[in-house]
Amino acid sequence: MRSLSAKQQEILKLIVRGNPDGSFIDLDELLERLSYKPTKDALQFSIRHLVKRELIEKKPTELRRNAKRRVFAPTMHGYAEYRDFSRS
């Protein structure tokens, strides 16, 4: 399997870490926390790639900040990938 780009690793890292309260992270929270500033479309493209590789999964929408938001969670493969690149 091809390794992840630095940007994909950062997205996965933020999804694995989630929110300080232990909840899963949503798209807008990801956009706020990334060190680079992608468009929403570009971030969604990267998320689709991580979903296709079975590193993250889309969870049902949740009501947050007065709007329905899609949240993301790491899979077991995602946790393993995160551990691998975190050790390097």
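Which strands does helix α1 (residues 6-17) lie across, and at what angle does α1 run to β3? In this predicted model, α1 lies across β1, β2 and β3, and its direction is at about 100 degrees to β3.

**The sheet**

The sheet under discussion is open and has 3 strands, in the order β1-β3-β2, with antiparallel pairing. β1 (25-26) and β2 (56-64) are the edge strands; each has a single partner strand, so one side of each has no neighbour in the sheet. Strands of a sheet pair through backbone hydrogen bonds, in either a parallel or an antiparallel manner.

β3 covers residues 67-74 and is joined to β1 by 2 bridges. Between β2 and β3 there are 7 bridges, and these two strands also run antiparallel. Residue partners across the sheet include the following.

| Residue | Partner in β3 |
|---|---|
| Ile25 | Phe72 |
| Asp26 | Val71 |
| Lys58 | Phe72 |

Phe72 thus appears twice: Ile25 has Phe72 as its bridge partner, and Lys58 stands opposite Phe72 as well. β2 and β3 form a hairpin with 2 residues between the strands. In this hairpin, Arg65 takes a positive phi near 50 degrees.

**The loop between α1 and β1**

Asn19 sits in the loop that links α1 and β1. Is Asn19 buried or exposed? The relative accessible area of Asn19 is 8%, and Asn19 therefore counts as buried, the cut-off being under 20%. Apart from neighbours within four places in sequence, the residues in contact with Asn19 are Phe24, Ile25, Glu29, Arg33 and Arg64. One of these contacts, Ile25, is the residue bridged to Phe72 in β3.

**Aromatic side chains**

How many aromatic pairs does a search of the whole structure find? The search returns 1 pair. This pair consists of Tyr82 and Phe85, in an edge-to-face arrangement with 5.6 Å centre to centre and 85 degrees between the planes. Helix α4 (residues 76-87) holds both residues, which are 3 residues apart, about one turn of the helix. Tyr82 and Phe85 are both buried.

Another aromatic ring, that of Tyr36, has a lysine over its face: Lys7 lies there at 4.9 Å from the ring centre. Lys7 falls within the residue range of α1 (residues 6-17), the helix that lies across the three strands described above.

Note on methods. Residues numbered from 1 in each chain as written. Predicted model: local features only at pLDDT ≥ 70, side-chain atom pairs only at ≥ 80, totals over all residues. Heavy atoms only, no water. Pairing = 2+ DSSP bridges. Helix = DSSP H or I, 4+ residues; strand = E, 2+ residues; numbered from the N terminus. Contact = heavy atoms within 4.5 Å. Axes fitted to C-alpha atoms, helices over the stretch in contact; angles between N-to-C directions. Buried < 20%, exposed > 50% of the residue type's maximum accessible area, 1.4 Å probe, protein only. Phe/Tyr/Trp six-rings, centres within 6.5 Å; stacked < 30°, edge-to-face > 60°. Lys NZ or Arg CZ within 6 Å of the ring centre and 35° of its normal.
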